[in-house]
Amino acid sequence: MAKKIIPVEDLVAAANARRSPLYVWMLENHAIFRVVVTEAIRPNWAALAQRFAAESLNDADGKAPTAETVRQTWWRVRKTLDARQKSAARRGQAQKVAPPPPPPAVQAMGGDPESKEAPGDVTAVPRRPLILKPARALAPDENPQDDGSKLPKPFHRR
Amino acid sequence: MARRPTEEGAVIEIDRVPDTPIPKLLVTHGRGGTGKSTCVRILAERAQAAGRSVVIADADRTNATLASFFSDVVRPDHPDDKTVTDWLDALVNQQAELMATVLLDMGGGDQVFKRFAQSIELVTLLDQVGIMPVALHCIGPDIDDLSYLRDIEESLAFCPTQTILVLNEGLIKDGRLGEAAFTEVRADPVYLAALKRGAVELVLPRLACMQEIVTRRLSFAAAEKTLTLTNKHRVSIWRRDVDKAIAPISHWLP
């Protein structure tokens, strides 16, 4: 049977489909945001929520985040990062026994030693070769965000 | 309406030039929330409706939403400066190899593209390989929205002849008319200097149901078919006005 190839981009998009823009931003910028929150004596979550709303970093329902949403989202991001860190540490122990060869994608990018992420960086992602393909507008039934109704989704807690 | 100033400073309409198959690299600039991704969506949908393929590259590190609207959107693996710079390098190399048209959406106030473009004199490089560079600056009525245009223009980082200054009427909050809301922006020396060197102004009309379309991740074509009767009509009028506004510079667009 022929091997099915699923583009990695599709998997990444699918994996993040239920994540809010706010969550994705916090995950991607966790290092900076951690400093911001840590250095504030008592973080003004309402002001942060306003700033995120101004950048359209909305919650999972596409609504401007509230102070509480921002605080809870940051808590969830920290939990995710902690879990990743523990997982990376476990992998690190295993790698000490038998270090695997670098992934082919890293080799394909030329292997610039400066571009390799520091060990222990929980956000480290191996580089993939860049493949350009013509984009195509997704039809409404291809988009998980659209529920097919003619009105915006009602408010609900997940 | 697209306009270009004459030597004397007056404004004239630009004649429509037929579409050409020249590949383009169109890069969006501006503060967060000024409509960069919306412009990419408009231009990508327009190109696709006409049967022209475009590659969408999303380097917006704070709000990468284009993948919700299009398939095969390319993004950097990681949002750190080094990764994004390497990714831009790979993107330009691949584009030159494929001679593809690319819409590149940079994040609000992003400095990585500016440094990258400056360091390799990107406009000159693209001209040499036969790719048309296009800069698209998204600007709201707030005078501070000109900060990124000022930064790019003063540093000469990415200032091709094909520069579009999009005045986004969707960002007018106090009910003023477009002409009045953008008076201050239009009088700014940076804005005037950009127009003088050949940039073109384009007014992006307001669409009342834009938020619903974004929330539901609809294409504009799909919105015209699936929203309520009145909103479908609003989208139809808006698309017609957008087409009219961009017609004079269609040869700069994908």
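Reader: Which residues line the largest cavity?

Author: A cavity is a space where a probe fits but cannot get out. In this predicted model, the lining of the largest cavity is made by Cys39(B), Ile42(B), Leu43(B), Leu136(B), Ile164(B), Val166(B), Leu202(B), Leu204(B), Val242(B), Ile246(B), Ile249(B) and Leu253(B).

Reader: How many cavities of 30 Å³ or more does a search of the whole structure find, and what volume does the largest cavity have?

Author: The search turns up one, and its volume is about 80 Å³.

Reader: How do I read the lining by class? How many nonpolar, polar and charged residues does it have?

Author: Sort each lining residue into a class, then count. Here you get 12 nonpolar residues, with no polar and no charged ones.

Reader: And which element gives the largest share of that lining?

Author: That's α1(B), with three residues. At least two residues each come from α1 (36-49), β8 (163-168), β9 (200-204) and α11 (229-246) of chain B.

Reader: While we're on α1, is Thr38(B) buried or exposed?

Author: Look at the relative accessible area: under 20% counts as buried. Thr38(B), which sits in helix α1 of chain B, has 15%, so Thr38(B) is buried. Leaving out residues up to four places away in sequence, Thr38(B) touches Met210(B) and Phe220(B).

Reader: Cys39(B) is in the cavity lining too. Why is there no bond between the sulfur of Cys138(B) and the one in Cys39(B)?

Author: For a disulfide, check the distance between the sulfurs: they must be within 2.5 Å. The closest cysteine sulfur to that of Cys138(B) is the one in Cys39(B), but they are 3.7 Å apart, so that's too far for a bond. Over all chains, the structure holds zero disulfides.

Reader: What are the relative accessible areas of Cys138(B) and Cys209(B)?

Author: Cys138(B) has 1%, so this cysteine is buried. Cys209(B) is buried as well, at 6%.

Reader: Now a helix. How far apart are the end C-alpha atoms of α2 of chain B?

Author: Work out the expected span, then compare. Helix α2 of chain B (residues 81-98) has 18 residues, so at 1.5 Å a residue it should span 26 Å; the end C-alpha atoms are 25 Å apart, which agrees. Just after α2(B) comes Met99(B), with a positive phi near 50°.

Reader: Which residues of α2(B) are buried, and what do they pack against?

Author: Among the buried ones are Thr83(B), Trp87(B), Leu88(B) and Gln95(B). The buried residues of α2(B) pack against strands β3 (24-29), β4 (55-59) and β6 (102-106), plus helices α3 (112-119) and α4 (122-129), of chain B.

Methods: Residues are numbered from 1 along each chain as its sequence is written. Chains are lettered from A and ligands numbered from 1 in the order in which they are written. This is a predicted model: local features need pLDDT of at least 70, side-chain atom pairs count only at pLDDT 80 or more; totals for chains, interfaces and linings use all residues. Side-chain values use heavy atoms; hydrogens and water are left out. Helices (H or I, at least four residues) and strands (E, at least two) are DSSP runs, numbered from the N terminus. The expected span of a helix is 1.5 Å times one less than its number of residues. Buried means under 20% relative accessible area, exposed over 50%, partly exposed in between (1.4 Å probe, protein chains only). Contact means heavy atoms within 4.5 Å. On a 1 Å grid over the protein atoms alone, a cavity is a set of points where a 1.4 Å probe fits but cannot get out, and a pocket is an open set with protein on both sides within 12 Å along at least five of seven lines; lining residues have an atom within 4 Å of a point. Grid points are joined across faces, edges and corners, and a volume is the space filled by probe spheres set on the points. Ala, Val, Leu, Ile, Met, Phe, Trp, Tyr, Cys and Pro count as nonpolar, Asp, Glu, Lys and Arg as charged, and the others, Gly among them, as polar.
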